[in-house]
Amino acid sequence: MEHNIWIYLLIMASVSYLIRMAPLALIRREITNKLLRSFLFYVPYATLAVMTFPAIMEATQRPVAGLCALVAGIVLAWKGCSLFQVAVLCCAVAFVVELLPIY
């Protein structure tokens with residue numbers, strides 16, 4: 001059985017285009033529903049969290065190092081540290097935990 005890659009690319013492009021164009025074509029006026037507006041407001045944050053949290057846990061050799069860095073980052077961000085400070089300290093925490101002989 002021979003597969004034509006151009007058909008796959010055409011289907012992929014069509015689905016991607018339809019997903020992006022459907023809201024523009026179907027919603028022509030401002031959204032006034034508070035529930036829908038609040039849902040749409042938090043979608044980018046939820047998407048970023050879904051993509052980031054697994055990467056944090058899998059970026060290190062031991063998941064416990066990623067978890068410690070995540071907890072440290074949350075605490076530092078909660079205390080008002082800058083993004084640069086949080087990133088540097090999370091890297092340092094992950095590095096130190098990786099060096100510890102914990103199994």
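Okay, Cys90 to start with. In this predicted model, leaving out residues up to four places away in sequence, Cys90 touches Ala69, Ala72 and Gly73.

Where does Cys90 belong? It sits in the largest nonpolar core, together with Ala69, Leu76, Val86 and Ala94, five residues in all. Helix 3, which is 63–78, and helix 4, which is 83–99, each put in at least two of those residues. And which helix gives the most? That's helix 4, with three residues.

Right, now the aromatics. We get three aromatic pairs by the rule used here. Take Phe41 and Tyr42: their ring centres are 5.0 Å apart and the planes are at 90°, so that one is edge-to-face. Then there's Phe41 with Tyr45, and that pair is tilted, at 5.9 Å centre to centre with 55° between the planes. Those two both lie in helix 2, residues 34–58, and they're four residues apart, so to speak about one turn of the helix.

Put Phe41, Tyr42 and Tyr45 together and you've got one aromatic cluster.

So, are these rings buried or exposed? Tyr42 has 53% relative accessibility, so it counts as exposed, the cut-off being over 50%. Tyr45 is at 52%, and that counts as exposed too. Phe41 comes in at 48% relative accessible area, so Phe41 is called partly exposed.

That's the picture, then: a core with Cys90 in it that draws on helix 3 and helix 4, and an aromatic cluster of Phe41, Tyr42 and Tyr45.

Technical notes
Residues numbered from 1 in each chain as written. Predicted model: local features only at pLDDT ≥ 70, side-chain atom pairs only at ≥ 80, totals over all residues. Heavy atoms only, no water. Core = buried A, V, L, I, M, F, W, Y, C linked by side-chain atoms within 4.5 Å. Buried < 20%, exposed > 50% of the residue type's maximum accessible area, 1.4 Å probe, protein only. Contact = heavy atoms within 4.5 Å. Phe/Tyr/Trp six-rings, centres within 6.5 Å; stacked < 30°, edge-to-face > 60°.
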